[in-house]
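Q: Could you take me on a close look at one part of this model, namely how its backbone elements pack together and where the backbone does something unusual?

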Amino acid sequence: MIILSFETSCDETSVAVTKNGKEVLSNVVLSQIDIHKKYGGVVPEIASRNHIAFITTVIEEAIENAKIKVSDIDLVAITEGPGLIGSLLIGINAALAFAYANNIKVIGVNHLIGHIYASNIEHDIEFPALALLVSGGHTELVYMEEHLSFLILGSTLDDAVGEAYDKVGRVVNLPYPGGPAIDKLAAIGRDTYKLPRPYLADKGYDFSFSGLKSAVINLVHNKKQKGETVDVNDLCASFQESVIDVFMYKIKKALEEYKVKNIIIAGGVAANKGLRKRIYEEIKDTKILIPSMQYCTDNAAMIGCAAYYLFLKHGANKDYVLGAISTLDLG
């Protein structure tokens, strides 16, 4: 099955061609990071306008790179949510127009399922599995009994971890996005500031990073008031160690309750080198699946991979009607 997939949930314009939910024939990703960098974050209206400007070019490039003809495409897969409503609508309308004009079936895909199934591109997910979904908009720990079965064990009560990284990065004047910059400096810093660890032992597997973010802000503010300098490298290391300590605590706790064959780390923060290092060091008895860097951040290949399994289970959309759902939940 050849699937043409679209991903425009935020500020990446991406179109991919995948085969049988595994083989990536092409995966074109046009990033807008340089455009939004000067604003310190994604501006939804600007993101939407850039999707409009480049979506047609990206479609053509994806098909050309895959070395296929339009007549070879069996299914068009489209991210329907969650995400920025304007960005989602650009991808949905472009994909529906393409599918309708070429009489190809369509299917809507949850962006979060795409992130989880990114691990299946280069690996084979074995069930039951535990997935830690970490990105700019989501932080969730999920138990999967089988394909497309999602039991949310815990989620963030406030800030998603990627959002916390970006805000902390802004406080210490690091470039957007904050995650990669903090990860880089953390590798050369030391955990000297002893920031709090929001383990939330009384709330099971839920997460909270708002207090940790506030602790960093208050620390920087107090240092400035006293005329003292902040060692940015050490502060980044301290913040990142706190975040990763919480992740490891929750994962280990879940492994005691749920016997799983795989641990999946999914989402943009899965690219974090500090997190990757710690999980490989501390988890020895369970196979760990983390996508390569190109499949951690938003991309259409992961949507095509997830679409294959969704199609096998649910079939396709028969009337070319698909809406954007900005707050679409997992499952």
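A: Buried means under 20% relative accessible area, exposed over 50%, and partly exposed in between (1.4 Å probe, protein chains only). With that in hand, Asn103 counts as exposed, because its relative accessibility is 67%. Asn103 sits in the loop between α3 (85-101) and β5, and its phi is near 55°, a positive value in a residue other than glycine.

A word on the ground rules: this is a predicted model, so local features need pLDDT of at least 70 and side-chain atom pairs count only at pLDDT 80 or more, while totals for chains, interfaces and linings use all residues. Residues are numbered from 1 along each chain as its sequence is written, and side-chain values use heavy atoms, with hydrogens and water left out.

The loop of Asn103 leads us to the sheet. Five strands form an open sheet with mixed pairing, in the order β3-β2-β1-β4-β5 (strands, E, at least two residues, and helices, H or I, at least four, are DSSP runs numbered from the N terminus; two strands pair if DSSP finds at least two bridges between them). Its edges are β3 (23-31) and β5 (105-110), each of which pairs on one side only. From one strand to the next, the twist averages 20° (axes are lines fitted to C-alpha atoms, for helices over the stretch in contact, with angles from 0 to 180 degrees between N-to-C directions). Strands β1 (residues 2-7) and β4 (residues 75-81) run parallel and are joined by four bridges. If you would like a landmark there, find Ser5, which stands opposite Ala77 in β4.

Helix α2 (residues 44-66) packs on this sheet, in contact (heavy atoms within 4.5 Å) with β1, β2 (12-19) and β3. The direction of α2 makes about 25° with that of β2. Helix α12 (residues 300-314) lies across β1, β2, β3, β4 and β5, and runs at about 125° to β1.

Ala306 is a good place to look inside helix α12. Ala306 is buried, because its relative accessible area is 0%. Setting aside neighbours within four places in sequence, Ala306 is in contact with Val109, Ile113, Gly114 and Tyr117. Val109 falls in the β5 range, 105-110, so this alanine of α12 touches that edge strand. For a sense of scale, the C-alpha atoms of Ala306 and Phe54 are separated by 24 Å, and the two residues are 252 apart along the chain.

Tyr117 also turns up among the aromatic residues: ring pairs link Tyr117, Tyr308 and Tyr309 into a cluster. A search of the whole structure finds nine aromatic pairs (rings of Phe, Tyr and Trp, the last by its six-membered ring, pair if their centres lie within 6.5 Å; planes under 30 degrees apart count as stacked, over 60 as edge-to-face and the rest as tilted). One of them is Tyr165 with Phe239, an edge-to-face pair at 4.9 Å centre to centre and with 80° between the planes. This pair links distant parts of the chain, since Tyr165 is in helix α6 and Phe239 is in helix α9 (residues 232-257), 74 residues apart. Tyr165 is buried, with a relative accessible area of 2%, and Phe239 is buried too, at 1%. In the cluster, the rings of Tyr308 and Tyr309 have their centres 5.2 Å apart and their planes at 90°, so that pair is edge-to-face. Tyr308 counts as buried at 18% relative accessibility, and Tyr309 counts as buried at 16%.

Tyr165 also has a part in how two helices meet. The axes of α6 (residues 161-171) and α7 (residues 178-186) come within 8 Å and cross at roughly 70°. From α6, the contact uses Tyr165, Asp166, Val168 and Gly169; from α7, it uses Gly178, Gly179 and Ile182. Pro177 is found in the loop between these two helices, and the peptide bond from Tyr176 to Pro177 is cis, with omega near -5°.

The backbone has some other spots to inspect. Most residues other than glycine have a negative phi, and most peptide bonds are trans. The bond from Phe127 to Pro128 is cis, with omega near 0°, and Pro128 is found in the loop between α5 (119-122) and β6 (129-134). Leu148 has a phi near 60°, a positive value in a residue other than glycine. Leu148 lies in the loop between β7 (139-144) and β8 (151-155) and is buried, with a relative accessible area of 12%, whereas Asn103 counts as exposed.
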